Amino acid sequence: MAYVCELGAGQRVYLENQGLQTVVTLMSSSPGQQQQASNSFTTGVWSSPPQVFQTPYGMVLKITSEQGEKTLQIQGSGVSVISSMPLAKDSEQLPVHEVATLPVSPMPGVESLKPMPPMKPMEPMNLNMGNMQMSMNPMEMRMGNMGMRMGSPAPQNTPQTQRFCTQCGASVKPEDRFCSSCGHPIHHQ
Ligand SMILES: [Zn+2]
């Protein structure tokens, strides 16, 4: 059981009753980033859907449960319990819609989740990836050199002086004058 209320200016609040806890999740989205902060309050099991009021003092949440009423006030990105509904003539009740699930369900029992840090954790990762790419480039070049080295010694290892007997085909040493197999004279060229 969760409810969402559009607060305007890209900000919305999700209200979820988890056991005796009311989890208030503030989500603010602006171009390029999205922030989310959850606060959990012991309110008891809701006996009626929560109410959201827009007052001159900020957004006020009214949670009605079997244990009574709890009034929460949203100030900036934080939510705090206030003693009672602020008396204001021009308080306006905002429509609250029931939703099946939260976009990201907060962990039960977590008192407060700090807003996601926008981009700072990503910066060192990008730098590391840049260093890896830079160190990988010489590795590729070294691999290319190794390939050239592996190819060049091969012709040198081929025995240019190896000769074979023209008569019987046996291998003969360069210093041999006659084939050791058939005695055919070796003509060194
Ligand atoms: Zn021979």
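**Strand pairing in a predicted model**

Good morning. Five strands of this predicted model form an open sheet with antiparallel pairing, in the order E8-E7-E6-E5-E9. Strands here are DSSP runs of E with at least two residues, numbered from the N terminus, and two of them count as paired if DSSP finds at least two bridges between them. The edges are strand E8 (78–82) and strand E9 (92–94), each of which pairs on one side only. On average, neighbouring strands of this sheet are turned by 30° against each other, direction ignored; the axes are lines fitted to C-alpha atoms, and angles run from 0 to 180 degrees between N-to-C directions.

Residues are numbered from 1 along each chain as its sequence is written. As this is a predicted model, local features need pLDDT of at least 70 and side-chain atom pairs count only at pLDDT 80 or more, while totals for chains, interfaces and linings use all residues.

At the E9 edge, strand E5 (residues 51–55) runs antiparallel to E9 and is joined to it by three bridges. There, Gln-54 stands opposite Glu-92 in E9.

I turn now to strands E2, E3 and E4. Strand E2 (residues 11–18) and strand E3 (residues 21–30) are antiparallel and share eight bridges, with Val-13 partnered by Leu-26 in E3. Two residues lie between the strands of this hairpin, where Gly-19 takes a positive phi near 65°.

E3 also pairs with strand E4 (residues 33–42), again in the antiparallel sense, over 10 bridges. Here Thr-25 stands opposite Ser-38 in E4. What phi does Gly-32 have in the turn of the E3 and E4 hairpin? Gly-32 has a positive phi of about 100°, and two residues separate the strands.

Technical notes. Helix = DSSP H or I, 4+ residues; strand = E, 2+ residues; numbered from the N terminus.
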